[in-house]
Amino acid sequence: MTKPTSADTLSSVSSTDAATVDRLVREQFAIIETGDLRLADTNVTPDFVNHRAGHEPLAARRRGPEALKATAVWLRRAFGEPRFEIHHIEVSGDRATAWVTMRGTHAGPFVVHDSPDGAVTEVFPPTGRAFAARHVHWFRVVDGAIAEHDAVRDDLDLAKQLGWIPPRPAYIARMILARRRERSRAATARPDNSSPGR
């Protein structure tokens with residue numbers, strides 16, 4: 001048996017690292033698909049940040065595994081059992097880019113929290129329509145876990161497929177009623193019963 005050269009060793013390390021990054025990326029999509037939130041504890045770092053969480057609940061805007069879990073719960077409430085068709089994952093060192101198509105059905109309310117205090121700003125009640133939306137996701141890995149996530153999604157195409165736009169009067173009325181319900185639900189869930197921002 002021949003002794004491996006330093007080039008062989010470096011190649012092996014790079015290959016292992018790329019495989020680990022690829023596995024972590026696929027696992028993060030699987031967490032959202034399956035709702036197996038326990039996987040989040042090892043999938044992301046304690047200070048993991050999702051740069052796309054600005055319109056998600058406050059819990060999803062925080063850091064670490066609990067933020068990823070909150071994102072998964074929020075998406076699964078709206079889209080039931082979302083699926084990610086992974087077209088390609090490109091790994092470069094500690095970074096990865098994933099080209100995917102997210103598929104699902106608008107089975108529950110899609111609740112938007114654009115307010116800085118996390119208050120409900122819009123609600124798109126379920127339409128029962130299926131969708132397929134293209135995304136590009138970026139990840140950074142540190143010490144064997146994902147530390148950062150960012151993405152670009154075709155939200156305009158998603159909104160058209162789900163019947164959110166062009167808006168129809170009956171659907172706008174449903175949105176207003178759904179927003180009232182979600183704000184009431186959020187106020188009831190707050191431990192101090194303080195009123196969320198409008």
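Reader: What span does helix α4 reach from its first C-alpha to its last?

Author: Happy to start there: this is a predicted model, where local features need pLDDT of at least 70, side-chain atom pairs count only at pLDDT 80 or more, and totals for chains, interfaces and linings use all residues. Residues are numbered from 1 along each chain as its sequence is written, and side-chain values use heavy atoms, without hydrogens or water. Helices are DSSP runs of H or I with at least four residues, numbered from the N terminus. With 15 residues (65–79), α4 is close to the span expected at 1.5 Å times one less than its number of residues, and reaches 21 Å.

Reader: How many residues of α4 are buried?

Author: Buried means under 20% relative accessible area, exposed over 50% and partly exposed in between, with a 1.4 Å probe and protein chains only. Among the buried residues are W74, L75 and F79. The helix is largely enclosed by the rest of the structure, because the buried residues number eleven of the 15.

Reader: Which residue forms a salt bridge with E66, and is that partner buried or exposed?

Author: A salt bridge needs a side-chain nitrogen of Lys or Arg within 4 Å of a carboxyl oxygen of Asp or Glu. E66 is exposed at 51% relative accessibility, and its closest N and O atoms with K69 are 3.0 Å apart. The two are three residues apart in α4, so about one helical turn separates them. The partner is K69, which at 15% relative accessibility is buried.

Reader: Which residue joins E66 and K69 in a network of salt bridges?

Author: Nicely, the pair does not stand alone, as E66 and K69 are linked in a network. The residue you ask for is D41.
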